[in-house]
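Colleague: Could you show me the model, so that we can talk through how its helices pack?

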Amino acid sequence: MNQPPESTCIDCEHCFPDSEGPTSMGICLLDPDFEPYLEEIMELDYKKCQGLIRKKRFDFNREACPDFSPAETVELEEFDELPDGFESTDQKEKGKNFDLRQVDFKTLPVEPYLQDMYSSSRSRRENGVNSIGALTPLGNEKAREELIRFLKDLGPPQTVEQSRFKAEILNYFRGLENNQDLLNILLSDLENTVSNNSTRQWITAILDFLGRAPVELIKDRLQSMVDRKVFSQRLKKRVVDIIDPVPWDYD
């Protein structure tokens with residue numbers, strides 16, 4: 001399709017963000033190299049193709065290519081997934097086409113998803129977490145607060161499934177490594193989770209996250225755990241590396 005004059009990649013339906021958080025870079029879903037990872041990418045799971053994304057990503061505002069296809073708009077009354085209370089910015093325009101990119105995700109209500117997030121049904125619970133989790137890196141403070149509270153309520157995991165679930169939740173907090181409430185939860189879990197094959201994924205996720213956090217926010221508690229011999233030798237080495245990282249040797 002021939003693109004309209006002055007159109008950019010961000011206006012194209014094939015353009016997708018290169019990461020979970022705020023970004024000005026994107027990838028093209030028409031690129032055949034991404035085909036094996038499309039399902040994960042659409043769920044904001046980039047773990048399997050991070051290297052490919054770094055190689056292929058581009059500025060959202062670059063000039064559109066010949067494969068440009070305008071991003072689809074939807075009818076307000078046909079968009080069934082909008083939470084209760086959502087309104088267009090101009091009520092006079094209600095019922096007309098609007099662009100979802102104009103939705104203020106920072107203030108989008110999260111209450112419609114809370115019941116699912118605390119449901120006893122596994123599928124509903126995961127859907128609720130995914131919905132609120134998707135709003136967290138978009139700057140929605142209420143979503144972030146609720147997801148942090150939910151993570152805390154789960155407590156230390158005991159099974160592989162519980163470890164996987166908590167590790168997936170933690171992925172939504174990328175870019176929030178300086179949030180002290182979240183760090184306190186992770187430090188408590190690190191101290192109180194029994195290290196075994198069932199909990200390894202969660203402990204690894206915690207250590208990876210703490211490794212990106214400001215050292216001054218976590219050093220004292222980690223050092224206290226080391227001094228009290230909380231960790232095995234293997235975990236102790238990883239924790240010590242976080243407290244006092246070895247500098248790069250460029251020689």
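Modeller: What follows covers one helix pair and then the nonpolar cores. This is a predicted model, in which local features need pLDDT of at least 70, side-chain atom pairs count only at pLDDT 80 or more, and totals for chains, interfaces and linings use all residues. Residues are numbered from 1 along each chain as its sequence is written, and side-chain values use heavy atoms, with hydrogens and water left out.

Colleague: OK, at what angle do H7 and H9 cross?

Modeller: The axes of helix H7 (residues 180-192) and helix H9 (residues 215-227) cross at roughly 15 degrees and come within 11 Å, the axes being lines fitted to C-alpha atoms over the stretch in contact, with angles from 0 to 180 degrees between N-to-C directions. Helices here are DSSP runs (H or I, at least four residues), numbered from the N terminus. H7 is therefore roughly parallel to H9, a term for angles under 35 degrees.

Colleague: And which residues of H7 and H9 make the contact?

Modeller: On H7 they are Gln180, Leu183, Asn184, Leu187, Ser188, Leu190 and Glu191, and on H9 they are Leu217, Ile218, Arg221, Leu222 and Met225, where contact means heavy atoms within 4.5 Å.

Colleague: Switching topic, which residues touch the most other members of the largest nonpolar core?

Modeller: Phe173, Leu190, Leu210 and Leu222 do, out of 43 residues; such a core is a set of buried (under 20% relative accessible area, 1.4 Å probe, protein chains only) Ala, Val, Leu, Ile, Met, Phe, Trp, Tyr and Cys residues joined through side-chain atoms within 4.5 Å.

Colleague: Which helix gives the most to this core?

Modeller: That is H8, with seven residues.

Conventions
Helices (H or I, at least four residues) and strands (E, at least two) are DSSP runs, numbered from the N terminus. Angles under 35 degrees count as roughly parallel, over 145 as roughly antiparallel, 65 to 115 as roughly perpendicular and the rest as oblique. Buried means under 20% relative accessible area, exposed over 50%, partly exposed in between (1.4 Å probe, protein chains only).
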